[in-house]
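These are my notebook entries on a single chain. I set down what I looked up, entry by entry.

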Amino acid sequence: MLLRSNIVFLLLFVFTRAASQSTNASKGQLQIDSLLKTIYKIDAPGISISIIQEGKLIFKNSYGLADLETKKHLNSKTNFNIGSLTKQFTALAILQLAESKKLSLDDHLDKFFPALDKKVAEAVTVNELLTHSSGIIDHYDLSDTQDLKHAHINDVLDAIQNTDSTYFVPGSQFRYSNTAYCLLSLIIEKVSGMSYAQCLKKNIFVPLGMKHTTVWNEKEIIENKALGYEWDSASKQFKKSDADENIFFSTEGDGGIYTAVDDYLKWFAALQLGKLQSKKLISAARSSQFIIDKEKHLSYGYGWFVDESSQPRKVYHSGSNGGFRAYSFSIPGENFLMVIFSNRDDVDLEKLVKKILYLLSPKRLVMVN
C-alpha cells in the first residue's frame, strides 16, 4: 500500500499523428509483447495489462500465473489487490457525498470523530485528508497488533485517537498518508450510513457494471483471485505474501479493493465520460489540488498524482500491498490509459511503464528526476 516517498518520474509524452502512426503502433505492440514475455515467465507470477489510446483498446494481455500451487494462469478477468489505486475510488465516493451536499471538503474532523483529540480534529479538514496535506500521524507504529490478524479502519482510528499533534501544520506540507484515507473511508461510512464496501458497491461498482470488483474482508469470496507473491532473494523463490501474511493488508479506503483489468477499463471510461459525477468534479480530482514540487509541476489531486509539466496533463498512481503491485498512467486529454496489475513485487512498474511508452511512441520525450 505504501507509495515510495521519492516519486521519481515525470513524463512528457507526445503522440505523433502522421499517417504512419498505425504502422508504428503495430510494431510497438509486437515489441511490447516481446518485452513482457522476456520479463514474465509462464511458470511464475506475472501481470495483466491493458492500453487505451484515443479511446480505443490497442493492447491487452496477461502473462504468468495467478496461483503457483494450482498453476492457474492470469487473464484480464483475474482480480488483483490494487493497493493504493483504491484511493481514487475513496476520493470519488467523498466527492459524490460533497456534490450531494452531505458533507463539505472544508469540514473539520471533529464533525465526524468527536472522540478524536481536539487539537487534531479541529485543525484537519476533509480536503487535507484527500490531498495528503493533513500531517496526521501514521497509525502503523501506534497500532496494537499483538492479537490482531487483520487490521481494519476502526483499528486505525483507535490507534490515533489520542494523538494530540500532527507532523506539521495541516495544509502546509505534503506527506503521503494511508492513515488519512482510512479516516476518509470512516467518514464515508458515517455520512452514507453504509459500510465502505456497500457504499462503493452501490454508488460505483454496480452502476458501472464492475461486477467482480469488491473490497476485501475476511468473509468476502473473491472469484478468480490472484495471490500475491514476494521474491525471496535468499531462497531464490517466490513466497506467498497475501492477506494472511500482512496485518494491514485489510484496511479499507487506502488499499482494500480487488478488481480486474477489464473492470478497471470501465472505471476509466466512466471518468472520461463523467458517468458517476459531474465532469467538473472529475476534472478537479485529476487536476492539481496540492503542490508537491512547484519547479517540477508535480501535484496531488484527489486520489491521483498530477504532472502538469506539459499539456495535456499526465495523471498516475501506483499501488503496493503484500506481493501485489499496480500502476495506472493516463492522459485524460488524449483519452490514453495504461494499467498494469501484478501479483509479484520484484519488477519496478514505473520503469516498465516508461519502457512501454517508449515502444509506443519513440518520439516522446522522457524526463527522469
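**Entry 1: a lysine in a hairpin.** I began with Lys236, which counts as exposed because its relative accessibility is 62%, over the cut-off of 50%. I note at the outset that the model is predicted, and I read each entry with that in mind. Lys236 sits in the loop between β8 and β9. I looked up its backbone next: phi of Lys236 is near 55°, a positive value in a residue that is not glycine. The hairpin formed by β8 and β9 has four residues between its strands.

I then followed the two strands themselves. Strand β8 covers residues 229-232 and strand β9 covers residues 237-240, and four bridges pair them in the antiparallel sense. For Tyr229 I found Lys240 of β9 as the bridge partner.

**Entry 2: a second positive phi.** I turned to His297, whose phi is near 60°, again a positive value outside glycine. His297 is placed in the loop between β11 and β12, the latter being residues 298-300. With a relative accessibility of 42%, His297 counts as partly exposed, because that class lies between 20% and 50%.

**Entry 3: the eight-stranded sheet.** Which strands form the open sheet, and in what order? I read the order as β3-β2-β16-β15-β14-β13-β12-β11, with antiparallel pairing. At the edges I found β3 (56-63) and β11 (290-293), each of which pairs on one side only. Neighbouring strands of the sheet are turned against each other by 15° on average, with direction ignored.

I examined one pair of this sheet more closely. Strand β2, residues 47-53, runs antiparallel to β3 and is joined to it by seven bridges. Ile51 has Phe59 in β3 as its bridge partner. As a reminder to myself, side chains in a regular strand alternate between the two faces of the sheet.

**Entry 4: a cis peptide bond.** I checked the bond from Gln311 to Pro312 and found it cis, with omega near 0°. Pro312 belongs to the loop between β13 (305-307) and β14 (314-321). Both of these strands appear in the order of the eight-stranded sheet.

**Entry 5: two packed helices.** At what angle do α2 and α6 pack? Helix α2 (residues 86-99) and helix α6 (residues 178-192) meet at about 40°, and their axes are 10 Å apart. I therefore recorded α2 as oblique to α6, since an angle under 35 degrees would be needed for roughly parallel. The crossing of the two helices is left-handed.

I listed the residues that make the contact. From α2 they are Lys87, Thr90, Ala91, Ala93, Ile94 and Leu97. From α6 they are Asn178, Tyr181, Leu184, Ser185, Ile187, Ile188 and Val191. I sorted the residues of this contact by type and obtained nine nonpolar, three polar and one charged.

**Entry 6: an alanine and a distance.** My last entry concerns Ala269, a residue of helix α8, which spans residues 261-273. Ala269 is partly exposed because its relative accessible area is 31%, a value between the limits of 20% and 50%. How far is the C-alpha atom of Ala269 from that of Asp138? The separation is 34 Å, and the two residues are 131 residues apart along the chain.

Notes
Residues numbered from 1 in each chain as written. Predicted model: local features only at pLDDT ≥ 70, side-chain atom pairs only at ≥ 80, totals over all residues. Heavy atoms only, no water. Pairing = 2+ DSSP bridges. Axes fitted to C-alpha atoms, helices over the stretch in contact; angles between N-to-C directions. Buried < 20%, exposed > 50% of the residue type's maximum accessible area, 1.4 Å probe, protein only. Parallel < 35°, antiparallel > 145°, perpendicular 65-115°, else oblique. Left-handed = near helix turned anticlockwise from the far one by under 90°. Contact = heavy atoms within 4.5 Å. Nonpolar A, V, L, I, M, F, W, Y, C, P; charged D, E, K, R; others polar.
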